[in-house]
Amino acid sequence: MVIGKVLTVDDLFEQGYDAVYISSGAGLPRFMNIPGEGLKGVYSANEYLTRINLMKAYQEGSKTPILRSRRVAVVGGGNVAMDAARSARRLGAETVYIVYRRGMEELPARKEEVEHAIEEGIVFKTLTNPVEVLGDENGYVKGLRCVEMKLGEPDESGRRRPVEVEGSEFTLDVDSMIVSVGTSPNPLLRQTTPGLNTDRRGCIVTDGVNGQTSREGVFAGGDAVTGAATVILAMGAGKQAAKAIDDYIRNKQ
Ligand SMILES: Cc1cc2nc3c(=O)[nH]c(=O)nc-3n(C[C@H](O)[C@H](O)[C@H](O)COP(=O)(O)OP(=O)(O)OC[C@H]3O[C@@H](n4cnc5c(N)ncnc54)[C@H](O)[C@@H]3O)c2cc1C
């Protein structure tokens, strides 16, 4: 094993591997691209949860600290947003908002997750969209400027499109914002693997059955192919690809 050198897929073939399986996930967080997202107290949900759970930031004296927030806005309405909101609450935040641009009916999180969040006192600010994070003189978050939304005509996803209500601006009094509006595959692999086809979301394109990609001998599965999905789908893709890779190597000339 080589330590300290970044290996590309082609390096692996040069080292004598017959096939490569890519399962690098979809761990690159998306942000809102609004002013103030560089302020202290703004986290992606992935960073926030990684700090708490893996790096043990919940413990006093942890080497990986996290702000002990008083009032938190979690932007997004999926399962990861619910995880982040409930974690913030358990870390001691007095008020935690879920800020979501559509309504309660449209929340993408599982119903149980939403119910559990409500039980833990999370406040749902639906039909609300952030437009700017406000900072104090020391560069810390001191508020979130938002606008109210209403639901218009259905968009290409079939869901009703949220439309801004004119003149509805208001400020949420928060000291932290956790952005949970989705993740995408890290671009590294598609940039370093010539001939590997990806779609417009940056997901690796496969045959949808065996995990076969556009490159011979290169298979892929899990979130890197589907975008952020579930453990069970990633495990299933791994099993199917394992069989296909076995067939491929056995039949290779
Ligand atoms: C906060 C959160 C909560 C979730 N909760 C649930 C849940 O309750 N139930 C559920 O089913 N799913 C849940 N999911 C989704 C689930 O975690 C993923 O769908 C699943 O882990 C995808 O598996 P994967 O193997 O494709 O990718 P991952 O599990 O993301 O694994 C990818 C691995 O590849 C590594 N990697 C990335 N790039 C490279 C590279 N260039 N070289 C080498 N290694 C690389 C990464 O470090 C990582 O270890 C959750 C996700 C998140 C973020």
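**Strands, domains and a ligand shell**

Strands β7 (residues 128-135) and β8 run antiparallel and are joined by 7 bridges. The model behind this description is a predicted one. To find a spot where the two strands face each other, look for N129, which stands opposite V147 in β8. Together β7 and β8 make a hairpin, with 5 residues between them. One residue to pick out in that turn is G139, whose phi is positive, at about 85 degrees.

Strand β8 (residues 141-154) also has β9 (residues 160-164) as an antiparallel partner, and here 4 bridges do the joining. A handy marker for this pairing is M149, which sits opposite E164 in β9. Again there is a hairpin: β8 and β9 have 5 residues between them, and G158 in this hairpin takes a positive phi near 90 degrees. As a rule, side chains along a regular strand alternate between the two faces of the sheet.

Not every pairing here is antiparallel. Strand β5 (residues 95-100) and strand β6 (residues 123-126) pair in the parallel sense, over 4 bridges. Y100 can be found opposite T126 in β6. Between these strands, the chain travels from β5 through helix α4 (residues 111-119) to β6, giving a β-α-β crossover that is right-handed.

Zooming out, the domain assignment splits the protein into domain 1 (28-183) and domain 2, the latter written as two stretches, 186-208 + 227-253. The centres of domain 1 and domain 2, taken over C-alpha atoms, are 32 Å apart.

Now for the ligand. Which residues surround the ligand? The list runs S23, S24, G25, L49, V80, D83, G222, D223, A229, T230, V231 and A234. Both domains take part, with at least three residues of the shell coming from each of domain 1 and domain 2. Helices chip in too: α3 (79-90) and α7 (231-251) each supply at least two residues of the shell. Sorted by class, the shell has 5 nonpolar, 5 polar and 2 charged residues.

Some of these neighbours meet the ligand through their backbones. A polar backbone atom of D223 lies 2.8 Å from an oxygen atom of the ligand. For V231, the distance from a polar backbone atom to a ligand oxygen is 2.9 Å, and for A229 the matching distance is 3.1 Å. How much of the ligand does the protein bury? On its own the ligand exposes 1,000 Å², and 46% of that is buried by the protein. Quoting an area in this way is common practice: the size of an interface is often given as the accessible area lost when the parts come together.

Definitions and conventions
Residues numbered from 1 in each chain as written. Predicted model: local features only at pLDDT ≥ 70, side-chain atom pairs only at ≥ 80, totals over all residues. Heavy atoms only, no water. Near = heavy atom within 4 Å. Polar contact = N/O pair within 3.5 Å; in protein donor to acceptor, adjacent residues only side chain to side chain. Areas by Shrake-Rupley, 256 points an atom, 1.4 Å probe, with all protein chains shown as cover. Nonpolar A, V, L, I, M, F, W, Y, C, P; charged D, E, K, R; others polar. Domains from an automatic or database assignment. Pairing = 2+ DSSP bridges. Right-handed = clockwise from strand over helix to strand, strands pointing away.
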